[in-house]
Amino acid sequence: NQVNNCYSVYFTDSSTGYVGCDNSTVLKTTDGGNGWIPITNISTITWLTFNSISFTDGLTGYIVGRMGYMFKTTDAGASWTQMVSGVSSDLTSVYFTDQNTGYVCSGYDIIKTIDAGTTWTGYTALTPGHFQSVFFTDLTTGYVVGNFGTIQKTTDSGLSWTYLSAKVTNVDLQSIYFPDQDIGYAVGYYPYGGPPEGEVLKTVNGGESWVS
């Protein structure tokens, strides 16, 4: 399969990494990114785009993409099994807090598994904002970001969400990352006019306030 665009990267150690791409393809490296091998046996649907990829250990990983499609590997990408997400909207981000518990952004909802992807349950976070990225700092505390400057936080493993004001409502946030419990970053772009370089937001107090 010819790869035109790639959207997500995840490394399981300093040498082994994976990239989710379009055309139903994942790229894998075993030499720290010097060379990449395409994995194209994931699905017979050749037009799938894989938006996000995450591993829970060196063998077990998940990829999510368009129209609710989700796949799992337990042998470091050699083979993949389709999982039933229960939704038909595009899946934009996947994050696992342990071997069994994972979260996926699905449109205006968050879906969660507690059995390593076998079953998924939907939770409705607050609107507005089509969700683009999910990240957890521990087993219970997590964040989602999305369109219209949406940043939301949970402290009860996704059962409920609190809207955090970024004070930037005309930016579509695409990704969020916390290196520790307090410090976090969210990035995005302005779809309707704004700084052409996009936006980078930072918090130093667990999302209570954000600065550009």
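**Cysteines, hairpins and an open sheet**

Let's start with Cys-21, which counts as buried because its relative accessibility is 0%. Here, buried means under 20% relative accessible area, exposed means over 50%, and partly exposed lies in between (1.4 Å probe, protein chains only). What you see is a predicted model, in which local features need pLDDT of at least 70 and side-chain atom pairs count only at pLDDT 80 or more, while totals for chains, interfaces and linings use all residues. Residues are numbered from 1 along each chain as its sequence is written, and side-chain values use heavy atoms, with hydrogens and water left out.

So who is the partner of Cys-21? A disulfide joins Cys-21 to Cys-6, with 2.2 Å from S to S. The two cysteines sit in distant parts of the chain, 15 residues apart: Cys-6 is in strand β1 and Cys-21 is in strand β2. To count as a disulfide, a pair of cysteine sulfur atoms has to be within 2.5 Å, and by this rule the count comes to one. In general, such a link is a covalent bond between the sulfur atoms of two cysteines. The torsion about the S-S bond of Cys-6 and Cys-21 is about 85°, so this disulfide is right-handed. Unlike buried Cys-21, Cys-6 is partly exposed, because its relative accessibility is 38%. Cys-105, on the other hand, is in no disulfide, and the nearest cysteine sulfur, that of Cys-21, is 20 Å away. Cys-105 counts as buried because its relative accessible area is 0%.

Now look at the strands that carry the bonded pair. Strands are DSSP runs of E with at least two residues, numbered from the N terminus (helices are runs of H or I, at least four residues). Two strands pair if DSSP finds at least two bridges between them. Strand β1 (residues 6-11) and strand β2 (residues 17-21) pair in the antiparallel sense over five bridges, and a hairpin of five residues joins them. Along this pairing, Ser-8 of β1 stands opposite Gly-20 in β2.

Further along the chain comes β6 (residues 61-65), a mostly covered strand: five of its five residues are buried. In a regular strand the side chains alternate between the two faces of the sheet. In β6 both faces are covered, with Gly-61, Ile-63 and Gly-65 buried on one side and Tyr-62 and Val-64 buried on the other. What does β6 pair with? Five bridges join it, antiparallel, to strand β5 (residues 50-55), and four bridges join it, again antiparallel, to strand β7 (residues 69-73). Ile-63 has a bridge partner in each: Ile-53 in β5 and Phe-71 in β7. The hairpin between β5 and β6 has five residues in between. The one between β6 and β7 has three, and there Met-67 in the turn has a positive phi of about 55°.

Last stop: an open sheet of four strands in the order β9-β10-β11-β12, with antiparallel pairing. Its edge strands, β9 (91-96) and β12 (121-124), each pair on one side only. The twist averages 25° from one strand to the next, taken from axes that are lines fitted to C-alpha atoms (for helices over the stretch in contact), with angles running from 0 to 180 degrees between N-to-C directions. β9 and strand β10 (residues 102-106) pair over five bridges, and Tyr-95 stands opposite Tyr-103 in β10.
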